[in-house]
Structures are given as structure tokens and as C-alpha cells.
Amino acid sequence: MLITHLRLENFKSYVEERITFQPGTNAIIGANGAGKSSILEAIGFVLFDYRGAGLASRLREGADSCRVVLGLVSSYDEREYEIERRFNERTTLRYRVHDVELEQVVAEGNEEVQGWIHEHLQIEPTAALDTLFENTIGVPQGTFTAPFLLPPSQRKGVFDPLLQVDDYHKASDRLRDTVRFLNEETSTLREAMARLEERLLALPGLYTEAEALRDSVHTLTARSLALREDLDAAVEALTALDKAEVAVRATEARWERARAMAEAQRSMLAAAHEAVAEAQRARDVVARTREGYEAYAREEERLDVLEAQRAARDRLRQEHARV
């Protein structure tokens, strides 16, 4: 990661200042109290969340709030960013990462910004940024080798967080489950290998059996081909029989229709014979009753005449009674 510039507003002795850094090593020279350490402290505060003596100690006397902007080129994606942090004596008012090229905010708030910094510094998410700064980058003058002179117990408290010893211990503890799993898998594989070795002992017999089965397969294949030919012939014969069955059914249908017509004609013939016989009987009756019928007809005519005479008589009676 390359730090390109630093802007300070009301930060300690700085009212408003922009400091530009060049690639490589930069030397900051000035008299005592000129603000050299303040530059490193501002970088640690913005980039590593190193608070030191507190927020109020960083605020310029008489100012209500302070603003620090750190420009950098990330070695993670080689893009240019600015990290801005604004605060007052009690709390952080704004903390965000701005993508200079896209002109948009890519992380905002302490949690997001710290996660972004961990990613672009390419350090483990569990690493404490403020501890890393305090013991490696922002070490006070003349105290760089002091931790090496501490007793082992105190030295452990300094170097273990830097070297993430606890994380390695946790990773080692988690690997125990992996080792246990691998041992169990090894035992399982050994048992499987033993079973396979037993099966390998039976392999020659299996080869012989496979050869016999291969011959059987050839025999069955030949028989299957012969049966296939028989089946094809049977299918052809069945097709012919189906056609013959259709023809027979059609003939039966025609025969049924003809039989029904014959039955109808037979019924009609019987009815005709019956009608002829009835006509014959009627003719005989007419022949036997012709004389009586003729006499009846004559009497009918006479009756008509008498009826006419009676009607005339009745009219005459009515006229006589009227007169």
C-alpha cells in the first residue's frame, strides 16, 4: 500500500494542511513540537484506528471538530482511494472510504471501513490494527527494542497479538478434528483394502467364471438371433391372420345383414299369405251373402222412401194442426 497524501484540519497543531508523499522513503524534518509525530499519529488514527490518549487529545485547541483525509493506492487492486475520518472530542462523526476514480463511497462506518482496511492491507480479519500500529509502525522514539528486553511473560503479551499466536492455536485445535477424521478415514480405507484383498484372492476363479459366462453369452446371443427370426415370421403370420380376421368379420357382418333381410322378407311373405287367405275368406263370405246383401240393399232403398214419406206426413200434420 502506498500513502500518497494526508490532509489535516484542526488536528493537534495543524489548522489546515495537505502533505504529499513520494514513492519510496520520505523523511520528515522539523524542530521539536513542529508536528512530525502528529503526521504519523494521524495516519495511525485513520488507517489503524489507533486512538492513543483519546479523541480530545487530537483536537486542536478551540476547534469543535477535526477532519483527517488519507490518500492511498491499494496494493490489493491498485486503485486510488481516500479514507476520511471526522470527529469531535467525544466520538467519530464520519468514517468512510471513497473511491477516487468512481467517485463513490465503498465503505462507511467503523465496521465496514475496518473490514475494508484488513482486506486491502491483506492481513487476517482477526488481527488488531491498533496493536499492530502501536508495536510495529508507531513505536515511540528510542523504544523500538524495548519489548525484546522485557521478561518472557510480558514479551509474550506484546508479540503474541502481533504474530497472531492465539489464532494459530485455535487453528491447531481445529486441526485436531481434521486429524481425527483423517485417522478414522484411514482405518476405514484399510478395512476396505482388506476386503478388496480378499476379493482379489478369488479373482482367478472369477476370471474362469467370466470366461464361461462369456461363452454362455455367445450361445444365448445366437439363440436370441434365431428366436428373433422366428418372432419376425410369427409377427408376419399374425399380421396376415389379423387381416384375415378383419375380412371374416366383414363377411360375417354382410351375412348377418343378409340373414336379417331374409327374415324380414320371410315375415313379409307370411303376412302376404295371411292377407291372401283373409281376402279369400272375405270373397267366400261375400259370395255367400250376396243375395241377402242385395235384399238388404233393396230394403234400405225402401226404408229411405218410407222415411221420406213419414217426413212428408209429419209436415202435413204440423200444417194441419196449424190450420
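This is a short talk on the fold of one protein chain, taken from a predicted model.

I'll start with confidence. The chain has a mean pLDDT of 86, and 91% of its residues reach 70 or more. Of the elements, β3 has the highest mean, 95, while helix α4, residues 152-163, has the lowest, 63. I will say nothing further about α4.

Now the sheet. Six strands form an open sheet with antiparallel pairing, and the order across it is β2-β1-β3-β4-β5-β6. At the edges sit β2, residues 14-20, and β6, residues 104-108, each paired on one side only. From one strand to the next, the twist averages 15 degrees.

Take the β1 and β2 pair. β1 covers residues 2-11, and six antiparallel bridges join this strand to β2. One residue to look at is L8, whose bridge partner in β2 is E17.

Next, the helices on the sheet. Helix α1, residues 36-48, lies across five strands: β1, β2, β3, β4 and β5. The direction of α1 is at about 105 degrees to β1. Helix α2, residues 110-121, also packs on the sheet, and its contacts are with β3, β4, β5 and β6. Relative to β5, the direction of α2 makes an angle of about 40 degrees.

A little more on α2. From first C-alpha to last, its 12 residues reach 16 Å, close to the 16 Å expected at 1.5 Å a residue. Which residues of α2 are buried? They are V113, Q114, W116, I117, H118 and H120, so the list includes polar residues as well as nonpolar ones by the 20% cut-off on relative accessible area. Just after the helix, Q122 has a positive phi of about 60 degrees.

That brings me to the core. In soluble globular proteins, nonpolar side chains tend to be buried together. Here the largest nonpolar core contains 31 residues. Inside that core, the residues with the most contacts are L6, L8, V68, I83, W116 and I117. Two or more residues each come from β1, β2, α1, β3, β4, β5, α2 and α3, the last being residues 129-137. Which element gives the most? That is α1, with seven residues.

Last, L6. Leaving out residues up to four places away in sequence, L6 touches E17, R18, I19 and F21, then I39, A42 and I43, and finally V68, V69 and L70. Of these, V68 is also on the list of residues with the most contacts in the core.

That is the picture; I'll stop there and take questions.

Terms used: Residues numbered from 1 in each chain as written. Predicted model: local features only at pLDDT ≥ 70, side-chain atom pairs only at ≥ 80, totals over all residues. Heavy atoms only, no water. Pairing = 2+ DSSP bridges. Helix = DSSP H or I, 4+ residues; strand = E, 2+ residues; numbered from the N terminus. Axes fitted to C-alpha atoms, helices over the stretch in contact; angles between N-to-C directions. Contact = heavy atoms within 4.5 Å. Core = buried A, V, L, I, M, F, W, Y, C linked by side-chain atoms within 4.5 Å. Buried < 20%, exposed > 50% of the residue type's maximum accessible area, 1.4 Å probe, protein only. Expected span 1.5 Å × (residues − 1). pLDDT = per-residue confidence, 0-100.
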